[in-house]
Amino acid sequence: MTDMNVEILDSTLRDGAQGEGISFSVQDKIHICQALDDIGVTYIEAGNPGSNPKDMEFFHEMKKVPLKHSKLCAFGSTRRKDIKCPEDANLQSLLAAGTEWVVIFGKSWTFQVTDIIKTTLSENLAMIRDTCAYLCANGRNVIYDAEHFFTGYLNDSEYAMKTLEAAVEGGAKVLSLCETKGGCMIKDCEKIVSAVSKQFAGRATVGIHTHNDSGLAVANSLVAVEAGARHVQGVFLGFGERTGNANLSCIIPDLQLKMGYPCIAEEKMAELTPIAKRIAEIANIALNPQLPYVGSCAFSHKAGMHIDAVLKNPSAYEHVSPEAVGNARVFLMSEVAGRATVIEKLQKIDPSIEKTSPVVAEIMAKIKQLEFEGYQFEGADGSFELLARKMIGRYQPFFKLHYYQTNGVNPRPEEGVCACAQIKLEVDGQIEVTAGEGDGPVNALDIALRKALCRFYPAVSQIKLIDYKVRVLEGTSGTDSCVRVLIESTDGNRTWTTVGVSSDIMEASWLALCDSFEYKLIKDIEKHLLRN
């Protein structure tokens, strides 16, 4: 490793798993390992084999899954007080995990030593030294996590440094300074990392592990690298205990694209966004659209003046190219969007459309009228495209609705069935009548529509509704207000959003649902035509 290269340790499967609402199966953990290995992080901290049987099962299964780039790490604590290493069950579990690298945490703060684990300061140093030495003697490489290091250093810098000396004496190769409570200010972080880097230069790699309780996890990680750290720990999407961990999907491009510290292979940078989406899907969470670099809003532009400038030169409002991190530029449709936005989107449908084409002004006027009525197209790309196609004559309906109806089931006769729906539609003169059951009326309607259309368009079976939002719009009273429904859908390759507005929530849902299905079918037809 050159002086500028930075090792990345991802703790999604260990520290990230401690976040509220996060739970991984063994198979989930394997898939996330493969995703992180694909992007080429240096280390994957994958769990504590001594804490639960699931983690030990995972390490057993991972012996069958070769990694191309990353080193798998098992995580655990130093030996317990007043016990020898060979007798410590946790250390035996670490050895049984079979990883070449292990991460060991120990106490740096005197308060934690005397008041929490209730031992002496000298015994704590022995616990650190003995554990590192024992693991090294058994063929393991040790990364030492100095828990509460920044708090401990500010309380008693001499003792905090002694804990690091004990780890190095035991053979630890990396000293990761843990900002465990997330409250350290940037100047203190820089000063402390600089002091450690100077003292241990040439003897161990200095690392940083931060939490986001003060909103400074990324900033402290970056300043730590500038102060000498060459090992950064975090969670790829930033979730974790309390307010989360340092977000690696932000740190990696900050270091590599902005600061000149290589973290992963250059060609892997363009995989940041796809990997972020993949990990979010496996973790069963919605990817925060406002995440830097990888969020769907990271390169979205709404104001007409902004869009016009970006079309002329993207650097006018973009700090890096979206393609550099595998993301895409988005121009949002809204009442404040300019002519350039409309033209840019229309030309993707019909390249012959020019600035002076009358349809441009007509579509802009229609958008403003619909948004006055409650529609919102900035988050509904699918519905905007269908609207545009209808106005420029590039649309043909896929089916004709005769009727639909929904009703609740009470009392519930079956587990998971709260509502049913019936639908009658027509495709090329053929009538189809179907019904669906679901855990709500919209779910039941979705199932019924899917059944009816599958006979004619098998591809609709690929559609998955991944988000459903309802907003009540202003009215003269609560009961006569309109509602706006946004539905986000995916077919596994594309993701799109559609919108419906009505004074009736089921009609608004139906409008958004229909747009979702028609958008998918149109895109499939175009894809087929391009291939042929």
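This passage describes a three-stranded sheet, the aromatic pairs and the salt bridges of a predicted model.

A convenient place to begin is the sheet. Three strands form an open sheet in the order S11-S12-S13, and their pairing is antiparallel. Strand S11 (400-408) and strand S13 (430-438) are the edge strands, each pairing on one side only. From one strand to the next, the twist averages 10 degrees. Strand S12, residues 419-427, runs antiparallel to S11 and is joined to S11 by eight bridges. Within this pairing, Leu-401 stands opposite Leu-425 of S12. The sheet also has a helix packed on it: helix H16 (residues 441-454) touches S11, S12 and S13. The direction of H16 makes about 145 degrees with that of S13.

Attention now turns to the aromatic side chains. A pair of aromatic rings is described by the distance of the centres and the angle of the planes. In this model the count comes to nine aromatic pairs. One of them joins Phe-75 and Phe-105, whose rings are stacked, with 5.3 Å centre to centre and 15 degrees between the planes. Phe-75 belongs to strand S3 (residues 71-77) and Phe-105 to strand S4 (residues 101-107), so this pair ties together parts that are 30 residues apart in sequence. The two partners can also be placed by their accessibility. Phe-75 has a relative accessible area of 6% and is therefore buried, whereas Phe-105, at 22% relative accessibility, counts as partly exposed.

Another aromatic pair is made by Trp-496 and Tyr-519, and here the arrangement is tilted, with 5.5 Å centre to centre and 40 degrees between the planes. Trp-496 lies in strand S16 (residues 495-502) and Tyr-519 in helix H17 (residues 505-531), so the contact between rings ties a strand to a helix across 23 residues of sequence. Trp-496 is buried, with a relative accessible area of 1%. Tyr-519 counts as buried too, at 9% relative accessibility. Elsewhere, ring pairs link Phe-149, Phe-150 and Tyr-153 into a cluster.

Aromatic rings also meet charged side chains. Lys-390 lies over the face of Tyr-395, at 5.0 Å from the ring centre. Lys-29 lies over the face of Phe-58, at 5.0 Å from the ring centre. Lys-29 has a charged partner as well, and its side chain meets that of Asp-55 in a salt bridge of 2.7 Å, N to O. Because Lys-29 lies in helix H1 (residues 26-39) and Asp-55 in helix H2 (residues 53-62), the salt bridge ties together parts that are 26 residues apart in sequence. Lys-29 counts as buried at 3% relative accessibility, and Asp-55 counts as buried at 8%.

The salt bridge of Lys-29 leads on to the wider set of charged pairs. Side chains of opposite charge can pair when their charged atoms come close. The count of salt bridges in the model comes to 30. Among them is the one between Arg-79 and Glu-123, whose side chains meet at 2.9 Å, N to O. Arg-79 sits in the loop between S3 and helix H3 (89-97), and Glu-123 sits in helix H5 (residues 121-137), so the pair ties together parts that are 44 residues apart in sequence. Arg-79 is buried, with a relative accessible area of 5%, and Glu-123, at 14% relative accessibility, counts as buried.

Helix H17, which holds Tyr-519, also contains a salt bridge within its own length. Lys-523 forms a salt bridge with Glu-526, the closest N and O atoms being 3.9 Å apart. About one helical turn separates the two residues, because they are three residues apart in H17. Lys-523 counts as buried at 18% relative accessibility, under the limit of 20%. Glu-526, with a relative accessible area of 25%, is partly exposed.

Salt bridges can also join into a network. One such network links Asp-37, Asp-38, Lys-68 and Arg-278.

Key. Residues are numbered from 1 along each chain as its sequence is written. This is a predicted model: local features need pLDDT of at least 70, side-chain atom pairs count only at pLDDT 80 or more; totals for chains, interfaces and linings use all residues. Side-chain values use heavy atoms; hydrogens and water are left out. Two strands pair if DSSP finds at least two bridges between them. Helices (H or I, at least four residues) and strands (E, at least two) are DSSP runs, numbered from the N terminus. Axes are lines fitted to C-alpha atoms, for helices over the stretch in contact, and angles run from 0 to 180 degrees between N-to-C directions. Contact means heavy atoms within 4.5 Å. Rings of Phe, Tyr and Trp (its six-membered ring) pair if their centres lie within 6.5 Å; planes under 30 degrees apart count as stacked, over 60 as edge-to-face and the rest as tilted. Buried means under 20% relative accessible area, exposed over 50%, partly exposed in between (1.4 Å probe, protein chains only). A charge sits over a ring if NZ of Lys or CZ of Arg is within 6 Å of the ring centre and within 35 degrees of the ring normal. A salt bridge is a side-chain nitrogen of Lys or Arg within 4 Å of a carboxyl oxygen of Asp or Glu.
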